[in-house]
Amino acid sequence: MDYGIKTWGNDNFFIEDGKVKVNTGCEPSLIEIIQEIRKDGIRGPILLRFPHLIQKQIRMIYKSFADAKKEFGYEGNFSAVYPLKVNQFPNFVKNLVTLGQKYHYGLEAGSKAELILAMAYNNPDAPITVNGFKDNEMISLGFIAAEMGHNITLTIEGLNELESIISIAKDRFGCVPNIGLRIRLHSSGIGIWAKSGGINSKFGLTSTELLEAVNMLRDANLLEKFTMIHFHIGSQITDIAPLKKALREAGNIYAELCRMGATHLRAINLGGGLAVEYSQHKTTLHKNYTLSEYANDVVYLLKDIATQKGVHEPDIFIESGRFVAAHHAVLIAPVLELFSQEYTDQKLRPKEINPPLVQELYDLLGTMNRKNALEFLHDSIDHMESLLTLFDLGYIDLQDRSNTEILVNLIIKKAVGLVADKKLSEILDIQDRVQERYLVNFSLFQSLPDFWGIGQTFPVMPLDRLDEVPTRSASLWDITCDSDGEIGFNTETPLFLHDVDIKNRDYFLGFFLVGAYQEVLGMKHNLFTHPTEATIIIDDDGYAIENILESQSISDILEDLDYDIKEVQENLNDRIEASDIISEKEKKHILGEIYLFLNDNGYLKTINNEDNSQ
Ligand code: PLP
């Protein structure tokens, strides 16, 4: 069982000695990294960032386009910008900017806050593109960036923005940003993120508006600032066909605008869309193309159109961020509990005379073997349903009911162990009925919001025991008080985990490919905040754990919600002081405890067993 690591893993991780290891330098295992971090008392979910995986993705993009340009003798330049919306966290962005320096890798901003970040951190000589709806203030910010010397292109989403640019240009200091026009294609993308393209999309200028925009620019003597057309048919474009269709349409619009006298128009910006393979199962692959196929198609198609229409080959811009960011982050979360862990034979309390069906369960457990395992399993589940009905009708007592639950769970475990090596298809149905629920110390709303919001799945696997066959069909429960916080077992994409006794041994799950969108879309449901994070730098001699940033304390979370933390503290203090249930000494002790709680984060720490804090 390799959890599809070869399908989604991009060669970034591999399994050896039963552990997931990082495929670079000294090849540390993820579990040793986590244990090292936990030595300092850090508990709860931890997000690991691997800068070498950011570097790898950036390098691959530039190399693929350089190869494609060479193969087709393409004369236009290639540039890329990273869209900040995908992940704005400083320990990601600052690494990305440094690693992208030698390529002049730029930044894309879609809001004032992102533009400020781009202006503060972008590499000198690297481009900035600005998309999204803009007011006068945001456009003025774009002018300030140009005045600071940034190579910035403001992409216009509507003619009113162009009017603002023309008017602001008159009032400022003569330095005008480059202007891009976002075109509204009739081609659209596919999949859950495809709403950004198509004739009814939220963004872009129609053909009529494009013609009007060119006239407005000409009248304002700003035509030479019009350098780029832009389109974006959606994120995670899993099929190459719609992208090729969109490129043909955009390429022809580019050529027509050049022929109409847009003399400084030089670039086509394809937006984002490069897909990431999130699937753990070969039968449900998400994307149907490789990066080099994408680069070849883009270069070939644009060359073809430029040749046919007799215009110069455009510079190519891309804004794919998911592809760059997704791989770099892995969320590691401890399993706190297996729900059936409570069901041990020590807890059985047989009566002198058990009800017949309970006695039957004892017999099934005692006589079960490999041959009859599935049949006995079915029988036991039927018996359990009958026994629960008998309880509802008052014919058996709570002791009988408890014995029933324990016996059925013991039968399930024994049966699953006996048939573990049978063909998956034969036991999938039964696995579906006898799922184990793993309580995992993380918030799905905070760390995998796309799973909650749009059903996007992410690869998940244990970090060790990978040389043992996992026998339990798993559904994962997070620690929020919300039944939506669950990744249920799915027979199409089944997840099997190990039958572990958490009281004796840690068991960690890794959620992979969580570096794009998840961190900033994450919600503070139940006031669980961004998990503790650490950056891992690996070379041949070892690895370093840098920039550990602990998850926010409860005081900070409450302050973020605009609670006056002094008032919260005073209220607590007053109420403790006023209590007549406890002594003065006990009050002092409790005040100290409250202080510690307020300064700690809200994730779970110790469950049942002091030695095994999570
Ligand atoms: N550029 C624009 C204009 C976008 O709207 C988006 C995201 O939707 C992107 C780039 C990033 O695309 P991706 O998610 O494929 O990286």
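Met1 is exposed, with a relative accessible area of 53%, and this residue belongs to the segment that precedes α1 (5-8). In this predicted model, Met1 touches Pro470 and Phe496 when residues up to four places away in sequence are left out of the count. Between the C-alpha atoms of Met1 and Cys258, which stand 257 residues apart along the chain, the separation is 56 Å. Tyr3 is also found in the segment before α1, but Tyr3 is buried, with a relative accessible area of 5%.

**Overall architecture**

- The protein is built with 21 helices and 20 strands, and its C-alpha trace spans about 100 × 65 × 55 Å along the principal axes.
- Of the 614 residues in the protein, 55% are buried, while the area that the protein exposes comes to about 27400 Å², with carbon and sulfur atoms supplying 50% of it.
- Taking contacts between residues at least 6 apart in sequence, 76% of them join residues that are at least 24 apart.

**Nonpolar cores**

- The largest nonpolar core holds 146 residues, and the members with the most contacts inside it are Phe13, Leu48, Phe50, Tyr294, Leu476 and Phe511.
- Helix α9 (residues 240-259) provides the largest share of this core, namely 10 residues.
- Apart from this core lies another one, of 25 residues, which includes Ala373, Leu374, Ile406 and Val416.
- Phe13, one of the residues with the most contacts inside the largest core, has among its contacts Ile5, Trp8, Val20, Val22, Leu30, Phe50, Leu53, Val330 and Phe512, and it also touches Lys21 and Asn23, with residues up to four places away in sequence not counted.

**Ligand surroundings**

- There are 15 residues around the ligand, and those that come nearest are Ser235, Gly273, Glu319, Gly321 and Tyr517.
- In the side chain of Ser235, an N or O atom is 2.3 Å from an oxygen atom of the ligand.
- The backbone also takes part in such pairs, since a backbone N or O atom of Gly273 lies 2.6 Å from an oxygen atom of the ligand, and for a backbone N or O atom of Arg322 the corresponding distance to a ligand oxygen atom is 2.8 Å.
- On its own the ligand has 400 Å² of accessible area, of which the protein covers 93%.
- By residue class, the shell around the ligand divides into two nonpolar, nine polar and four charged residues.

**Buried polar residues**

- His327 sits in the loop between α11 (322-325) and β12 (329-338), and this residue counts as buried because its relative accessible area is 7%, below the 20% limit for that class.
- The side chain of His327 makes a polar contact with the side chain of Asn12, at 3.5 Å.
- When neighbours within four places in sequence are set aside, His327 is in contact with Trp8, Asn10, Asn12, Leu53, Gln57, Val276 and Leu513; Trp8 and Leu53 appear among the residues that Phe13 touches as well.
- Asn269 lies in strand β10 (residues 267-269) and is buried, with a relative accessibility of 0%.
- The contacts of Asn269, again without its neighbours within four places in sequence, are Thr129, Met228, Ile229, His230, Phe231, Phe317, Ile318 and Glu319, and Glu319 is in turn one of the residues that come nearest to the ligand.

**Backbone angles of note**

- Most residues other than glycine have a negative phi.
- Tyr3, although it is not a glycine, has a positive phi of about 55 degrees.
- Tyr517 is likewise a residue other than glycine with a positive phi, in this case near 70 degrees, and its place is in the loop between β18 (508-511) and α18 (518-521).
- Tyr517 counts as buried because its relative accessibility is 18%, which is under the 20% limit; Tyr517 is also among the residues that come nearest to the ligand.

How values were computed
Residues numbered from 1 in each chain as written. Predicted model: local features only at pLDDT ≥ 70, side-chain atom pairs only at ≥ 80, totals over all residues. Heavy atoms only, no water. Core = buried A, V, L, I, M, F, W, Y, C linked by side-chain atoms within 4.5 Å. Buried < 20%, exposed > 50% of the residue type's maximum accessible area, 1.4 Å probe, protein only. Helix = DSSP H or I, 4+ residues; strand = E, 2+ residues; numbered from the N terminus. Contact = heavy atoms within 4.5 Å. Near = heavy atom within 4 Å. Polar contact = N/O pair within 3.5 Å; in protein donor to acceptor, adjacent residues only side chain to side chain. Areas by Shrake-Rupley, 256 points an atom, 1.4 Å probe, with all protein chains shown as cover. Nonpolar A, V, L, I, M, F, W, Y, C, P; charged D, E, K, R; others polar.
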